[in-house]
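I had some free time at the desk, so I opened this one up and jotted down what I looked for. My notes follow in the order I took them.

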Amino acid sequence: MSETSTRRSIRTAADGSLYVLGTALALLLLYYAQSFYAPRIRHTNLVLGLCLAIYYVGLFRNALDPEDLSIGTNLRYLPETAQRSYTKFIRPAIFLVLALISLGLAAYVDANYMRWMEQGPIVGYSTVDYVVGGAIIYLCTDATLRSFGKLMASIVPIGFLYGYLGPYMPGALYHSGMDTAQLLRLTILGMQGVYGFILQIGATWVAIFLLLAGFTQAFGILDYLMEVSKEVSKLFKSGIVHAAVLASLAFGSITGASAANTATTGSFTIPLMKKQGVDKGYAGGIETVASIGGQLVPPIMGIAAFIMADLIGVSYVRIIQAGLIPAILFYFSIIVSVQLLIYKFGWDTERNIEDIKYNVFTDILWYVPPFAVLIYLLGVLQYTPLTAGFYTTLTLVGVVFVKSIVENQVTGATTAVRNTVEGMKVGSEDMAPLLVILGVIGVIISVFTQTGFAQRLNILMLSLAGGSVLLLLLLAMAVSLIFGMGMPAPAAYVLVASLAGAAMIRFGLQDLVAHMFVFYFAMYSSLTPPVGPSTIVAAKIAEAEYIDTAIKSSKLALPGFVIPFIFVTNDVLIYWEFPATILVTFSVLMGVVALSITIFGYDGSSRLSVAGQSIYALLAVLSFFGPYLGLFGGSVQVLLGAVILALVVSTAFKTVPGVSHLYSQYLTKPSPVGEPSE
């Protein structure tokens, strides 16, 4: 047997191991959701061990690819024979050993769990315990490095260095210092840090929905959504563009990974948008913003909503309610902005209603029961996300089995079983790096909390704000964007909530408002330079320049950047009061339209002059913040919304003699001929 054939055989065996480990992890998650077989910390340890093993077995499998024998740049200094030996044999062996070590470490912690929890804080820990703790820290850091890059992996070294160097730090950074043993007790042996509440939520509430997301992929639901989007696009002159936005919304709400959402849906939508004539930078930008926005949409909100409910200590239904109107505002802003661009640059297409395959839409009935179960259990019975996710997963699997048997009585059941196992594997592989980075975030939060840095940062922010809520919000926005760079949604939110959210609450803002504010900007960190992983992915698919895509993404997302400031000053959008919530929502929606018109300098039929943009900008600002600034009451705010609606929807102001002349003379400017893009 040739070397290539041998590597392929081992790769196939490794892939089989992933099915075994993935199935074991999925069954463990479902068993815990049904029985609560052990304390949550003990369950969390087993989940982390399996996730690390799955991650490294995946690397082992990929390293055996006969066609992928690339040499890392850090090995260029070695002789060529040494380089190839490392690539062919040593690297795969390292990954396999790390996978086995991961399982062994999890088994050791489980066997010594009671001793660590009860005796350790009193009589101390053994040398082996410290070695095990250090090994777990190393594996989590290494997996984070390989999954999310050096910036994210630096979190652990920075945390430990800060623990060591505290006595030498200036000002607010000073603390008495810790040694390695203290840090390991804080982050591992005391069942805190890595095993803290963040990873505990990840190993229960988050994991069950990531498993559900894996099933949706394996069952072809994502492909089905893409097919529906393609057929829906034939109904509108906007073509695939708005359908792409809705598809990204649907998928992004479940996954909690905007870059993965961009890559998955963008590989389908971006080429179709470009084919329709959409500028490639805007095609990437539209997909980026729509994918990020999916994480803001209830009922799942990209998994981070579960963590928010636990952090604040409110019911999950309350989080759904708080997130609904801001999410509507966000996607409304995208739809309006995209429509303006379509009008402005002539990206519309012909409707093809006669070519629509209506039978595609009937399949959606199969997927109504799981979604209905989820909404009923969360919204009506108010079960925990873990229980709701458990029964939703079982319902989805049951529906798919029935659907497969109905469509093919001979092989349907076999196909359903195969797809179910595939879903367990896909879900487990997707959740592994995300849960690991949640553990890593637990390390830095434990260090920051124990040393008092988080509290001092809050005091510093309040001091810099000097009593100005606007300055405090800007500081919180900056902290959220900086500390959230490159992270998946749940990890980014947890970190910035502990740093910036606490300062906002101490200032006097209500808990939900503060947490929603930092949550939104933590999501936006996936878009903004210099990292912006979602933008990088979209630019690559669109074959566009990164900076061009980032600029156009930011323009599309600019109304979204204003939305958190809006619900801080109009908290009836978060804490519903009727009829105030309805009236303010209407006014803000119209303000979003005015803001979008201002940004793109186009009102749907004419390009605006500077004076025209200024008027729309003023109307937008007043409709957002007028009552908060004390300029007028809520009734005037609603009136302003009506004025914007009249300006945009109606053509009366442009057809009445005199008014039409003034409008076109002072507020608009000639449109360049044949201009394809900005």
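**Entry 1: the cavity**

Which residues line the largest cavity? I should say at once that I am working from a predicted model. I found Asn45, Leu48, Gly49, Leu52, Ser102, Leu105, Ala106, Ile136, Leu139 and Tyr195 around the largest cavity. I looked for cavities of 30 Å³ or more and got one. I noted a volume of about 60 Å³ for the largest cavity.

Next I asked which helices supply at least two residues each to that lining. I wrote down H2 (40-63), H3 (80-111) and H5 (127-148). Helix H2 gives the most, with four residues. I then sorted the lining by residue type and counted seven nonpolar, three polar and no charged.

**Entry 2: the nonpolar core**

I went for the largest nonpolar core and found 216 residues in it. Which residues have the most contacts inside this core? My list reads Tyr56, Tyr493, Phe517, Phe519 and Phe567. Helix H15, residues 316-345, brings the largest share of this core, 16 residues.

I picked Phe517 for a closer look and left out residues up to four places away in sequence. Phe517 touches Leu473, Ala476, Met477, Met504, Pro564, Phe565, Phe567 and Val568. One of those partners, Phe567, is also on my list of residues with the most contacts in the core.

**Entry 3: salt bridges**

How many salt bridges are there? I get eleven.

I started with Asp110 and Arg42, whose side chains meet at 2.8 Å, N to O. Asp110 sits in helix H3 and Arg42 in helix H2, so this pair ties together parts that are 68 residues apart in sequence. I put Arg42 down as partly exposed, because its relative accessible area is 27%.

Then I checked Arg146 and Asp142, where the closest N and O atoms are 2.9 Å apart. Both residues lie in helix H5, four residues apart, about one turn of the helix. Is each partner buried or exposed, or in between? Arg146 comes out partly exposed at 41% relative accessibility, whereas Asp142 is buried at 8%.

I found a salt bridge between Lys552 and Asp548 too, at 3.3 Å, N to O. These two lie in helix H25 (residues 546-569), four residues apart, about one turn of the helix. Here I have the Lys as the buried partner: Lys552 is at 5% relative accessibility. Asp548, at 28%, counts as partly exposed.

I also noted a network of salt bridges that links Asp15, Arg61, Lys425 and Glu429.

**Entry 4: two residues in helices**

I looked up Gln637 and found it in helix H28, residues 634-649. Is Gln637 buried or exposed? I call Gln637 buried, because its relative accessible area is 2% and the cut-off for buried is under 20%. Which residues does Gln637 touch, not counting those up to four places away in sequence? I wrote down Asn570, Val584, Ser587, Ser623, Phe624, Pro627 and Phe632.

Ile328 lies in helix H15. I have Ile328 as partly exposed, with a relative accessible area of 42%. I took its C-alpha to C-alpha distance to Val648 as well: 19 Å in space, for a pair 320 residues apart in sequence.

**Entry 5: backbone oddities**

Where is there a cis peptide bond? I found one joining Phe578 and Pro579, with omega about 5°. Pro579 belongs to the loop between H25 and helix H26 (580-600).

I then looked at positive phi values outside glycine. Phe36 has a phi of about 50°. Phe36 is in the loop between helix H1 (3-35) and H2, and I have it as partly exposed at 46% relative accessibility.

Gln382 has a positive phi too, about 55°, and is not a glycine. I placed Gln382 in the loop between helix H17 (368-380) and helix H18 (385-407). At 49% relative accessibility Gln382 counts as partly exposed, because exposed would need over 50%.

Technical notes:
Residues numbered from 1 in each chain as written. Predicted model: local features only at pLDDT ≥ 70, side-chain atom pairs only at ≥ 80, totals over all residues. Heavy atoms only, no water. 1 Å grid on protein atoms, 1.4 Å probe; cavity = no way out; pocket = protein on both sides within 12 Å on 5 of 7 lines; lining within 4 Å. Points joined across faces, edges and corners; volume = space filled by probe spheres on them. Nonpolar A, V, L, I, M, F, W, Y, C, P; charged D, E, K, R; others polar. Core = buried A, V, L, I, M, F, W, Y, C linked by side-chain atoms within 4.5 Å. Buried < 20%, exposed > 50% of the residue type's maximum accessible area, 1.4 Å probe, protein only. Contact = heavy atoms within 4.5 Å. Salt bridge = Lys/Arg side-chain N within 4 Å of Asp/Glu carboxyl O.
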